[in-house]
Amino acid sequence: MKKLMKFSTNTLTMFFVWLFAVIAPWLFYCCRIGHVYVDIVLFHGFCQTLLWIMMLSAVAVSVLAFLRLRVAPYNDDETMPLPFKAACVAFFALTAVFTLVWVISLGVMGVESTPVAGKMLLETLPFGTAVVVAGGLFLFLPALKNRKVRAAVAACVITAGFFAVIGSLYPLSTYEFVSAPMVIDTGEGYSVVFATTDTGTGYLEYSHDGKDYKIYDTEDGRKVNSRIHSFFVPYEHLDNNTYRVGATRVIDELSYGGTNGKTIVSGDYAFKRNSGEVQRILCVSDWHTRIEKAEKVIAMGGSYDAVILLGDAAAGLQFEEEAADYIVRFGGDVSDGVIPVIYTRGNHETRGAYATELSDALGLDSFYHEVVCGDYRFIVLDSVEDKPDDHPEYGGMADYSAYRAGMIEWLEGLSPDSSKHTMIVCHDREICIEEDLRERAFAAFEKLDAAFLFSGHSHDCELILTESLPIYTDGGFKNGKYIASEITLSPTGISVYGWGADGEVQSGSFEWRTL
Ligand SMILES: [Fe+2]
């Protein structure tokens with residue numbers, strides 16, 4: 001026993017015991033896709049409990065090492081108390097057991113899953129290595145003789161380690177809806193879209209015709225773990241009906257097992273569709289992340305039957321966060337989840353790694369489509385970018401010229417409908433940067449008997465009456481100010497009204513027959 005105590009309290013032994021004690025919970029955590037099987041056999045939460053014991057053991061071994069190397073009487077073989085020696089032996093044995101646990105865990109994972117553990121280790125490798133190196137230097141490198149420096153290093157290592165561990169096991173931020181849902185009229189039905197502050201699964205719930213519906217956001221049968229969720233609903237299911245949405249936070253999504261967090265459920269939204277002769281529509285564009293400023297101006301307006309979002313929510317869509325926080329949140333805020341939204345893509349929504357995900361996220365088959373509401377027909381177009389595809393801003397990712405050509409072919413294939421008043425909605429009033437495509441677009445507008453073009457992009461609120469059809473650009477954010485617009489459609493004609501914080505900016509009324 002004496003030999004074992006001498007061996008366990010040896011400085012070199014203590015270094016290796018400390019090293020293995022620290023990496024044990026880390027590696028065990030990286031093997032967590034196997035935890036679900038152990039928990040099924042034993043009890044739910046067993047592996048989580050074991051992980052906590054491993055982490056507490058790592059802290060205890062660090063304290064022992066600190067005492068052994070720095071504090072009298074523990075730093076002297078002669079004066080070292082017996083209970084301290086016994087503790088060193090105990091934690092030596094415990095660390096050996098924990099090491100065996102993660103080695104066995106790796107072995108049990110097998111050839112197929114071991115690379116997954118390696119990938120999970122790689123994700124945490126920079127931070128984990130930093131903590132181990134910093135802790136090792138602090139404890140075992142005699143260079144740190146200054147007490148204040150030692151204390152500072154210890155505080156940093158412990159604080160960083162604590163938040164890293166807690167943050168990886170349990171999310172530190174709150175989980176809630178970013179806004180009311182945004183109900184997009186896709187032309188085929190509704191896409192109910194909502195976003196949460198963190199990733200999770202989502203569902204939509206409503207009753208129709210005596211039947212209860214609870215639809216999860218899924219992809220090929222598996223629930224989607226994301227911040228944005230969208231659900232297709234037929235018009236007749238939602239018109240003048242109530243619905244609610246819910247979401248469950250996903251803390252850890254794994255090949256085997258995983259951890260869910262809090263579930264949140266919204267209140268009931270009473271959705272109203274006005275297909276009547278008179279429709280008031282809020283028209284907003286180019287908010288460029290200035291949601292609060294835009295919403296202050298919008299709040300000065302009245303109540304509406306629908307919203308047209310004309311695009312340019314942020315500088316680009318590098319991450320899902322930007323779509324959640326600047327498109328879904330804004331669309332939900334201005335519609336309160338109770339009136340339909342017509343969504344038009346802005347040129348800034350065509351930029352960044354998440355741009356290719358946006359149509360799926362919003363539940364749209366295409367960014368160009370037509371929406372009919374009562375006597376009014378809206379043809380929604382997608383002008384995409386305003387510069388040639390080889391412009392350096394697009395980083396070699398743009399093929400929009402071919403995309404626009406396809407859209408114009410689709411537009412030319414539409415038939416006029418004399419029973420409706422037809423209007424064009426497009427972010428950029430130029431429609432296409434290619435002169436020939438632009439001419440074809442405006443020729444198609446004439447053939448379709450389009451009465452008006454609503455657009456944004458210019459950041460100015462303007463009525464342009466020099467083209468083959470009247471054009472209204474609805475304002476947006478410019479020089480610290482925001483301009484919003486409303487459009488009133490009636491059997492006699494269209495009224496447009498644009499306003500900012502200082503009042504009216506633009507207005508005009510047009511009879512259908514004079515357009
Ligand atoms: Fe724009």
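In the predicted model, the domain assignment divides the protein into domain 1, covering residues 2–169, and domain 2, covering residues 275–514. The C-alpha centres of domain 1 and domain 2 are separated by 58 Å.

An iron ion is bound through four protein donors: Asp312 (OD), Asn347 (OD1), His427 (NE2) and His457 (ND1). These donors lie 2.0 to 2.2 Å from the iron ion. Along the chain, their spacing is D-x34-N-x79-H-x29-H. Asp312 and Asn347 are 35 residues apart and link distant parts of the chain. Asp312 sits in the loop between strand 11 (306–309) and helix 9 (320–335), whereas Asn347 belongs to the loop between strand 12 (340–343) and helix 10 (358–362). Both Asp312 and Asn347 are buried. The arrangement of the four donor atoms is irregular because the angles they subtend around the iron ion run from 85 to 166°. For four tetrahedral donors, the ideal angle at a metal is 109.5 degrees.

Helix 2 comprises 20 residues, from 11 to 30. The distance from its first C-alpha to its last is 29 Å, close to the 28 Å expected at 1.5 Å a residue. At its N-terminal end, helix 2 is capped by Asn10, a side-chain oxygen of which lies 2.8 Å from the backbone nitrogen of Leu12. A bend of about 30° occurs in helix 2 at Ala24, and a proline, Pro25, follows within four residues. Helix 2 is mostly covered, with 14 of its 20 residues buried.

Note on methods. Residues numbered from 1 in each chain as written. Predicted model: local features only at pLDDT ≥ 70, side-chain atom pairs only at ≥ 80, totals over all residues. Heavy atoms only, no water. Domains from an automatic or database assignment. Donors = N, O, S within 2.8 Å, 3.2 Å for Na, K, Ca; no water. Tetrahedral: all angles 85-135°; square planar, octahedral: opposite > 155°, others 65-115°. Helix = DSSP H or I, 4+ residues; strand = E, 2+ residues; numbered from the N terminus. Buried < 20%, exposed > 50% of the residue type's maximum accessible area, 1.4 Å probe, protein only. Expected span 1.5 Å × (residues − 1). Bend = angle between axes of the 7 residues up to and from the residue. Polar contact = N/O pair within 3.5 Å; in protein donor to acceptor, adjacent residues only side chain to side chain.
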